[in-house]
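Me: I would like to learn how to read contacts, burial and a domain interface from a set of coordinates. Could you take me through a case?

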Amino acid sequence: MGEFKVHRVRFFDYMPSAIRAMAFNSRTERLALARADGAVEIFNFADHYFQEKIIPGQDGRAAEALCWVGQRLFSAGLNGEITEYDLENLKPKYTVEAYGGPIWAMSSNGEGTLLAVGCEDGTVKMFEILSERIQFQRNLERQKGRIISLSWHPSGKLIAAGMMDMIRIFDAETGHSTYRLLVDRGFGPSRCKEVVVWSIAFLSDHTIISGDSAGKVQIWDGLTGTLVRTHPVTKWDVMALSVSPDESSVLAGTSEGTVIQFQFITATMDQQDKEWVRTRTFKNHSHDVRALVHTETAVVSGGMDTQLVVRPLLDKVEKNTHESALHKIAFPHRNLVCCAKKAGLLLFQFSDHLELWRIGESDGHGKPGDSLPVKRKPEKLIQLKRTGEHHICSSALSPCGGWLAYSTLSVVRLYRLQYNDNDISITKVSKLPKELRSVHQLCFSSDSSKLFASSSHSSVIVVALNQLECKYLHTLRPKSGSVQPVHLLCASEDGKWLATASTDCEVHVYNLCKQKLHCTVPVYSSCPTAIGIHPTTSNLVVAYADHQIFEYSLIQREYTDWSRKLMKQGLHRLWLERDTPVTHITFSSKNPAHIFMHDTFMFCIIDQSLPLPEARTMLYNQMTLRSLPEHERLRQSHAFKICKTFKHLMCVRLLEDHSVVVVERPLLDIMSQLPAPVRQKKFAT
């Protein structure tokens with residue numbers, strides 16, 4: 001694997017935002033997730049839970065509810081607005097004011113023709129879903145308290161609404177309330193407090209299931225308006241409910257961080273009638289479970305602790321497969337750190353600002369595993385606040401450290417950085433080309449003379465940089481007519497090639513000298529997660545969400561012999577069972593046979609000169625090899641050199657002096673910054 005001096009960085013204070021709402025589209029197998037900072041993320045559950053798209057947040061626009069209607073996504077929040085998203089350009093398409101105060105809940109009917117929202121002023125407002133917009137239709141009968149939760153009956157004729165101390169059932173056609181179900185406040189001191197019906201589910205047999213702030217899950221008969229059964233599940237709140245597609249199972253998420261499953265089964269062997277029985281309890285969160293989705297095979301949950309958890313139901317999946325493993329997604333599947341490898345600088349991206357740091361220096365040499373004394377401490381050079389209310393969606397730092405750029409949904413900002421001994425000056429480039437408006441990704445050329453910006457319809461804008469000005473050169477467009485956004489950009493070291501990858505799995509390579517499309521890599525069924533162009537061979541290496549790796553020759557326009565050999569033999573089972581995707585690929589100028597890549601939990605060097613690991617070979621064998629004699633070490637060594645010394649990796653980069661920068665964000669540091677959970681674990685409980 002070789003020896004490297006490692007700069008171990010732990011001062012990137014990345015803090016993910018809490019999960020507020022989720023919605024699952026069973027047709028496309030896409031999960032939409034809304035965070036407290038207003039960001040919306042799309043995960044592809046059919047492609048190893050890859051974080052496919054991110055729509056950046058905006059100040060004051062946190063969503064309380066999400067809803068899929070076909071392939072259209074809507075959100076609503078306490079700002080009183082309903083938003084539809086443009087999933088191709090990754091931004092809000094339009095917003096509609098509901099004029100009912102803060103919106104607490106949203107739900108669509110089964111036909112996808114009507115959208116109902118529950119408002120602070122006690123109204124359930126109906127909106128007609130048209131081909132391009134939504135249009136207000138009417139209000140249902142107004143109530144005296146706020147509408148907290150909503151659920152349509154599958155027939156589309158009735159709506160159940162959770163409120164304070166009660167549940168109302170509305171006739172969707174007449175708009176009148178037909179039943180009022182009073183919710184018990186509980187016992188003891190809690191009887192003095194109003195009960196909030198946080199979540200509600202309306203089943204096709206007219207059963208209504210509610211979860212409330214008194215810690216109860218209650219089963220109601222919606223035809224007669226009577227209470228059938230009460231399940232006390234917690235001393236705290238039941239925040240969320242979710243029903244399985246076949247309505248045989250219900251999940252309840254609590255403020256204690258537990259998810260409780262109820263199933264519609266016979267309680268005893270000799271009993272014929274079915275009833276709702278508490279069957280399982282899952283504990284995968286430390287804080288409130290605010291959002292739940294019950295798919296056919298898994299429990300999907302999220303909340304205050306910021307992690308998305310996919311817990312398979314083992315009676316629904318095949319054992320010892322990728323689908324049967326527990327998945328916790330704690331970090332984004334994209335890069336938030338840029339590295340100027342020639343200048344030894346790091347750029348950290350936050351939602352509201354950027355931080356530019358100079359890496360520290362060490363003195364002397366040591367043996368593997370030693371911590372070297374620090375000669376110069378890391379230094380924060382600049383903290384740059386964004387302009388406007390939109391959050392930062394992309395940022396870039398030139399390899400020489402002389403240029404810095406960032407983009408939001410509304411603006412692109414470009415700055416010139418100049419260094420003089422210990423002083424640094426930053427100058428904003430005032431006049432930018434009009435083509436640089438809304439871009440998804442930014443990337444500088446290796447000589448820092450050009451800026452590449454991905455725009456709509458998979459196009460890339462090329463801008464020339466010169467001192468304190470920039471000039472628009474041209475726009476690169478794929479011939480495929482793709483409308484999906486580009487999420488990966490990579491420029492070659494020699495300045496000849498630019499590779500792009502979009503969320504419809506297309507990878508395009510442009511010849512920058514000829515200013516046109518050079519080739520398109522054969523489309524693979526999984527989405528690319530990282531791309532890199534070799535500086536000497538001009539081979540493109542692509543890592544995919546299903547953990548496959550391909551190498552494509554840009555000169556020959558075909559897969560390389562090494563890649564074909566890898567396809568024929570197949571990757572090691574343990575490599576394919578990894579939990580997180582590769583997020584960056586780079587190469588060593590010192591050793592052209594080495595490919596560097598990393599995911600959240602490991603850093604790997606693939607040595608193409610060595611044989612690929614066999615199925616029965618130990619994949620993670622670095623520590624074992626170190627203890628063997630040299631002749632035995634050579635016999636057992638293989639191409640995949642994996643280091644698991646560092647965890648929760650946000651960035652691994654190779655500097656020009658061949659030292660390695662490793663940026664870690666320990667999960668315990670994130671957890672320590674969360675508010676205290678409602679229930680503290682005590683000894684022997």
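**Reading contacts, burial and an interface**

Reply: Start with one side chain: that of Arg35 makes a polar contact with the side chain of Glu41, at 2.7 Å. Bear in mind that this is a predicted model.

Me: Which backbone oxygen lies 3.1 Å from a polar atom of the Arg35 side chain?

Reply: That of Thr306. Glu41 and Thr306 also appear in the contact list of Arg35, which leaves aside neighbours within four places in sequence and further includes Ser17, Ala18, Ile19, Arg20 and Ala62.

Me: Where is Arg35 placed, and is Arg35 buried or exposed?

Reply: Arg35 belongs to strand β3, residues 30-35. Burial is read from relative accessible area, with under 20% as the cut-off. Arg35 has 9%, so this residue is buried.

Me: How does the reading go for Val96, and in which strand is Val96 found?

Reply: Val96 is found in β9, which covers residues 91-97. Its relative accessibility is 15%, and therefore Val96 counts as buried too.

Me: Which residues does Val96 touch, apart from those up to four places away in sequence?

Reply: Gly80, Glu81, Ile82, Phe127, Arg133 and Ile134. Take Ile82 from that list: 14 residues separate Ile82 from Val96 along the chain, while their C-alpha atoms are 5.2 Å apart.

Me: Now the interface. What are the bounds of the two domains?

Reply: The domain assignment gives 403-523 for domain 1, and 524-599 + 603-643 for domain 2. Their centres, taken over C-alpha atoms, are separated by 28 Å.

Me: How many residues of each domain are in contact with the other, and what area is buried between them?

Reply: The size of an interface is often given as the accessible area lost when the parts come together. Here domain 1 and domain 2 bury about 1,700 Å² between them, and carbon and sulfur atoms give 72% of that area. The contact involves 22 residues of domain 1 and 19 of domain 2.

Me: How many salt bridges and how many residue pairs in polar contact are there between domain 1 and domain 2?

Reply: The salt-bridge count is 0, and 5 residue pairs are in polar contact across the interface. On the domain 1 side, the elements giving two or more residues are β44 (486-491), β45 (497-502), β46 (507-511) and β47 (516-521). The largest share, 5 residues, comes from β45. By class, this side of domain 1 has 13 nonpolar, 7 polar and 2 charged residues.

Key
Residues numbered from 1 in each chain as written. Predicted model: local features only at pLDDT ≥ 70, side-chain atom pairs only at ≥ 80, totals over all residues. Heavy atoms only, no water. Domains from an automatic or database assignment. Contact = heavy atoms within 4.5 Å. Buried area = accessible area lost by both parts, 1.4 Å probe. Salt bridge = Lys/Arg side-chain N within 4 Å of Asp/Glu carboxyl O. Polar contact = N/O pair within 3.5 Å; in protein donor to acceptor, adjacent residues only side chain to side chain. Helix = DSSP H or I, 4+ residues; strand = E, 2+ residues; numbered from the N terminus. Nonpolar A, V, L, I, M, F, W, Y, C, P; charged D, E, K, R; others polar. Buried < 20%, exposed > 50% of the residue type's maximum accessible area, 1.4 Å probe, protein only.
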